[in-house]
Every structure is written in structure tokens, then in C-alpha cells.
Amino acid sequence: DGTKLVGHRFGKGKTAVILGHQSNGDLCEWLPYARRLARLGYFVFPIDFRGHGFSQTRSGRAANRLAADLAAAVKAVRALGKTKVFLVGASMGGIASLVAGANVRPAMDGAVSVSSPASFRGMDALKTAPRLRVPVLYLAAAEDDNAGYDFSEDATAMHAKTAAADKRLEVLPGPAHGVALLAGSAQARSHVESFLTQH
């Protein structure tokens, strides 16, 4: 929609992994994991959502088109010749990945939701889940509940409504949220990286 967006490229693989950050964050929170995925052979593209980091701030309804930002990132990496594309998002970035995954055409190769709420900033992943047919992994921590959200319960509810035949739900112990869950849990990283490898 004409919004200026900023991302950073890591790696040179033919498979692209687009990383969506949490609310009140930016792409920098993903840098350690982006470097790890690049070492594993992926082309990794964390972006700043509109209104965050160096991306343009919009007002009104345009302020909340976060799934459109990821759709634009998918288009950008495909233009670079990437043959497979995955979205991996944490919290706000996770729900945006799920909504984008239901809408992007041609379809992506998979989506990973890490500690995503079922609804946030006008996005409703329970409503879009019946149209989400790409492979999807839902990852959350059992004790991660704050600010009125229970992220493991949301993951369970979204998983149940997802149309994709290829869908997984992994609820891990502890309270870690989003990027911190991946940073602190080898098991969480293993789930994500196995998902990418298998698809």
C-alpha cells in the first residue's frame, strides 16, 4: 500500500525465512536467531513492521496492516529468486504470519507462530484459520500468560480451527514468550528448525 518498509538480509540460501518481530520491538530482536538460521543455510529476512524500527509510520486503518507487510516481504524475496518461503513470527509477528499465510498467493511453504495471540490490532487468527492451508507450527509456553492473554490456550484454539492437514502444536514448559522462548530453549529451536527442514 505504498508504506516504506525496512528489512535486513542474512545468508544466501534458496529458501527464505522471513522473521516478524514482537510488539514494541523491531527486527534487531531477531539478530542472534537470524544469524543462526543463516549458518544453517537459509536466506533470512527479518523486517521492521510499519510503525516500528526504521519502517514508515502510518495512521488510521493503515497503521494495522501488519500482515500486508509480510506479504510484501514474501513478494520481495521471491523477486530475489528464492524458491521456498517461510514466515516465522513471534507474538504480534506470529499472528501477522498466520493471517498472511491464509492470504498470500501463491501460497508460501509454511508458517511458524511463536507465542501468538489469537487476536491483536484488528487481526483475528481464529477467523482466518479456516482458510490457512499451508503447513503450520504453533509453539507456545504453558505458563506464558500476561496482559489478559493466555498464549498456550490461544495456540491450542488456533490449531484446532486451522484448515491445514499439516499442522502441529507444541506447548513447552515455562513462562518464556516469543523471541525469548527460542533464545532460551533448545527444544523450541529444534521444533522450528525441524519444521523448516521437513517442508
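## Helices lying on the sheet

In this predicted model, helix α3, residues 92-103, lies across four strands: β2 (15-20), β4 (84-90), β5 and β8. If you look down β4, you'll find α3 running at about 145° to that strand. Helix α7 (residues 186-198) packs on the sheet too, and touches β2, β4, β5, β8 and β11. Its direction makes about 180° with that of β8.

## The sheet they pack on

Now for the sheet itself. It is open, has 7 strands with mixed pairing, and reads β1-β3-β2-β4-β5-β8-β11 in order. The edges belong to β1 (6-7) and β11 (167-172); each has a single partner strand, so one side of each is left without a neighbour in the sheet. As a bit of background, strands of a sheet pair through backbone hydrogen bonds, and they can do that either parallel or antiparallel.

Start at the β1 end. Strands β1 and β3 pair in the antiparallel sense over 2 bridges, and G7 has I47 in β3 as its bridge partner. Next along, β2 and β3 run parallel and are joined by 5 bridges. Here V17 stands opposite V44 in β3.

Further across, β4 and β5 run parallel, with 5 bridges joining them, and A90 sits opposite V114 in β5. Strand β5 (residues 110-114) also pairs with β8 (residues 136-141), again in the parallel sense, over 4 bridges. In that pairing, S113 has Y138 of β8 as its bridge partner.

## Two covered strands

How many of the residues of β5 are buried? The count is 5 of 5, so to speak a strand that is mostly covered. Both of its faces are covered: G110, V112 and V114 are buried on one side, and A111 and S113 are buried on the other. Two of these residues have already turned up as bridge partners, with V114 opposite A90 and S113 paired with Y138 in β8.

Strand β3 (residues 43-48) is mostly covered as well, with 6 of its 6 residues buried. F43, F45 and I47 point one way from the strand, while V44, P46 and D48 point the other way, and all are buried. Notice that a charged residue type, D48, is on that list. I47 is the bridge partner of G7, and V44 is the residue standing opposite V17.

## Where α2 meets α3

Back to the helices. Two packed helices are described by the angle between their axes and the distance between the axes. For helix α2 (residues 66-79) and α3, the angle is about 70° and the axes are 8 Å apart. That makes α2 roughly perpendicular to α3, and the crossing is right-handed.

Which residues make the contact? From α2 they are L66, A67 and L70; from α3 they are M92, G93, A96, S97, V99 and A100. Sorted by type, the residues of this contact come out as 7 nonpolar, 2 polar and no charged.

## Where α1 meets α7

Helix α1 (residues 31-39) and α7 have axes that come within 12 Å and cross at roughly 45°. The two helices are therefore oblique to each other. As for handedness, α1 passes α7 in a right-handed crossing.

On the α1 side, Y33, R36 and L37 do the meeting; on the α7 side, R189, V192, E193 and L196 do. This contact divides into 4 nonpolar residues, no polar ones and 3 charged ones.

## Backbone oddities in the loops

A few spots are worth a look if you're checking the backbone. The peptide bond from R105 to P106 is cis, with omega near -5°. P106 is found in the loop between α3 and β5.

Two residues have a positive phi although they are not glycines: R121, at about 50°, and A147, at about 55°. R121 lies in the loop between β6 (119-120) and β7 (123-124), while A147 lies in the loop between β9 (145-146) and β10 (149-150). Are they buried or exposed? R121 is partly exposed, with a relative accessible area of 29%, whereas A147 counts as exposed at 69% relative accessibility.

Key. Residues are numbered from 1 along each chain as its sequence is written. This is a predicted model: local features need pLDDT of at least 70, side-chain atom pairs count only at pLDDT 80 or more; totals for chains, interfaces and linings use all residues. Side-chain values use heavy atoms; hydrogens and water are left out. Two strands pair if DSSP finds at least two bridges between them. Contact means heavy atoms within 4.5 Å. Axes are lines fitted to C-alpha atoms, for helices over the stretch in contact, and angles run from 0 to 180 degrees between N-to-C directions. Angles under 35 degrees count as roughly parallel, over 145 as roughly antiparallel, 65 to 115 as roughly perpendicular and the rest as oblique. A crossing is left-handed if the near helix is turned anticlockwise from the far one by less than a right angle, and right-handed if clockwise. Buried means under 20% relative accessible area, exposed over 50%, partly exposed in between (1.4 Å probe, protein chains only).
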